[in-house]
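Here are some notes for a colleague who is about to look through this entry. They take a few places in turn and are meant to be read beside the coordinates.

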Amino acid sequence: MNVDKKAFTLTDNRSGKTYELDVLKGTDGPDVIDVRKLYSETGHFAYDPGFTSTGSCQSEITFIDGEKGVLLYRGYPIEQLAEKSNFLEVCYLLIYGNLPISESMRIFSQRITYHTMLHEQLNLLFKGFRRDSHPMAIMNGVVGALSSFYHDSTDITDPRHRFIASTRMIAKMPTIAATAYRYSKGLPFAYPRNDLGFSENFLYMMFSNPCEEYVTNPILSRAMDRILMLHADHEQNASTSTVRISGSSGANPFACIAAGIASLWGPAHGGANEAVLAMLKEIKTKDRVPEYIKRAKNKEDPFRLMGFGHRVYKNFDPRATILRQSAHEVLGDLGIEDDPILDLALELEQIALKDDYFVSRKLYPNVDFYSGIIYRALGIPTSMFTVLFAVARTVGWVAQWNEMIEDPTQKIGRPRQLYTGETERDYVDVKDR
Ligand code: CMC
C-alpha cells in the first residue's frame, strides 16, 4: 500500500482550522482518505450509515469495479473462472491467493473430502427442529452449534486450528444444507459420498433415495458448480462484514459464520434469490408486469423489484450476465423448451431496463435475478435458494475471516454514533411521573 502523506486537506469552515489527512493507494480502485486519526485530531466522527463511503479494512481477496462491472477473485476475472475453473479450485484460490498446481489441488480436495461428514450427534440436533422450519433457520442453528462439537479448532490464535475450522466449514456446509432439506421432506439423512466431486456430492446428498441407485447428471453438477463459483466471495458485503465484525472480538469461527448466515438471510442480501421467485410467482402473467413496475416506482409502496439494483454495481452485475446465459443453456440442456417463469423474468427485465426510473437510478438485474431460475430447473426447492448462497459464500467468509485475524492492524469493530436522544436528566420516582 502506498501512502500520499497529508495529501488531503479538510477545513472546518466554522473555525477556519485545516487538517491534513493521508491518502492511501491500493493496487486498484479509488484511493482512500485515512480518517483513523479524525477524532483524535478534529474531535469529530465521520457519519456514514450503511457505510456507503467507508472502507472497513484492507483486503487482497476480491476486487469489484462497480462502474465497469468487473469482479476479480485474487485478480482473476469471474468470467474466466466461471468458464474454466471449478468451485473447489476457486476455494483454494480464495484461501491461498493463487491457483494451485495439481499436487496442491489434490491435497486440498482430499482435506475437504475428509471433513464432509457430520458428527453423528449433530443429527439429533436436526431432529429437534420443527419439520416446517425454514432451512436457513436450521443452517444458522446447526452451524452455530459446530463450536460445541469441534473444540479442537476454536483457538483462533493457532493457525492450524484456523485452517482445520475453515476446512471443516467449507466441507460440512453442503452436508448440513442437504440434511436440513431431507429433514423437511421426511427423508432419511444421506451420508456424503467422497468419490464424487463437490457439487455432484451435494446433489447426491439432496436427491438420492436409499431405494434406488443415484445417477449423477453432469449438466446439473456443472451448473451447480458454476453458481457456487459466482457466489463464492464479494468483498465487504453485509454478511462478510458481519463475519469480520463478529470475528474482530475474538469469537470462534463457527459462531462468526453463523452470524454471517443470519445476515445473508435478509431479502436485501442473499434472501433476494428466494424473493425473486416468490415475486415472479405472484406476478404470474406477462400482462401484469406493468402493474408491478408501477408499484416498484411508487415510494408509498414498500414493494421493490427483487433481483434489481446493487450497492456497488452501477452498470451491470457481471455475475448476472454469466447466469443469464447459463439459465438459457441449462434449460436447453435439460430440454425445457418453454419455461413460463423464465419468459416472465425476461419480460420484466426488458420493461425495467427501458424504464426511466430504473435507468436513471442505474438499477440492473443482479445475480439473484437469474440464479433462482436455474435452481428451479435443477429441482432445488425455493426455500433452499439462500441456503445454496450460504454454501458458496462460506469460502469467502472463511477467507476474509482468516485475512482479518492475520492482519496486524486489525482492531475490534466498534463504530461510533451521532446521538440524537435525550440529554442527561434526573430519574423521576414512579409516583411523580
Ligand atoms: N426496486 C425499486 N427501486 C429500487 C430498487 C428496487 N429493487 N433498488 C433500489 N431502488 C431505488 C431506491 O428506492 C432509491 O430510490 P430514490 O433514490 O428515489 O430514493 C434508489 O433506487 C437507490 O436505492 P438504495 O436503496 O439507496 O440503494 P442501496 O445501495 O442502499 O441498496 C439494494 C441496494 C441491493 C439493497 C437494493 O437495490 C434492493 O433492495 N434491491 C432488491 C433486493 C435485491 O435484489 N438484493 C440482492 C442484491 S445482489 C446479491 C447480494 O449481493 O446479496
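1. Is Thr 179 buried or exposed? In this predicted model, Thr 179 has a relative accessible area of 3%, and because the limit for calling a residue buried is under 20%, Thr 179 counts as buried.

2. As to its setting, Thr 179 belongs to helix α7, which covers residues 159-185. Leaving aside residues up to four places away in sequence, Thr 179 touches Leu 118, Asn 123, Phe 126 and Phe 189. The side chain of Thr 179 also has a polar atom that lies 2.5 Å from the backbone oxygen of Thr 175.

3. The next point concerns the surface. Phe 8, Leu 10, Ile 33 and Val 35 make a nonpolar surface patch of about 280 Å². One of these residues, Val 35, is found in the loop between β3 (32-33) and α1 (38-42). The relative accessibility of Val 35 is 40%, and because partly exposed is the class between 20% and 50%, Val 35 is placed there rather than among the buried or the exposed residues.

4. Which strands make up the open sheet, and in what order? The sheet has three strands in the order β4-β5-β6, and the pairing is antiparallel. Strands β4 (62-65) and β6 (76-77) stand at the edges, and because each has a single partner strand, one side of each is left without a neighbour in the sheet.

5. The pairing of β4 with β5 is antiparallel and is made through four bridges. Within this part of the sheet, Thr 62 stands opposite Tyr 73 in β5. The hairpin of β4 and β5 has four residues between the strands, and in this hairpin Gly 69 takes a positive phi near 70°.

6. On the other side of the pairing scheme, β5 (residues 70-73) and β6 are joined in the antiparallel sense over two bridges. Tyr 73, which faces Thr 62 across from β4, also stands opposite Tyr 76 in β6, while Leu 72 has Pro 77 of β6 as its bridge partner. The hairpin of β5 and β6 has two residues between the strands, and here Arg 74 takes a positive phi near 50°.

7. When the side chains of this sheet are inspected, one general point may help: in a regular strand the side chains alternate between the two faces of the sheet.

Definitions and conventions:
Residues numbered from 1 in each chain as written. Predicted model: local features only at pLDDT ≥ 70, side-chain atom pairs only at ≥ 80, totals over all residues. Heavy atoms only, no water. Buried < 20%, exposed > 50% of the residue type's maximum accessible area, 1.4 Å probe, protein only. Polar contact = N/O pair within 3.5 Å; in protein donor to acceptor, adjacent residues only side chain to side chain. Contact = heavy atoms within 4.5 Å. Patch = residues over 30% accessible without salt bridge, like charges linked within 9 Å, V, L, I, M, F, W, Y side chains within 5 Å. Areas by Shrake-Rupley, 256 points an atom, 1.4 Å probe, with all protein chains shown as cover. Salt bridge = Lys/Arg side-chain N within 4 Å of Asp/Glu carboxyl O. Pairing = 2+ DSSP bridges.
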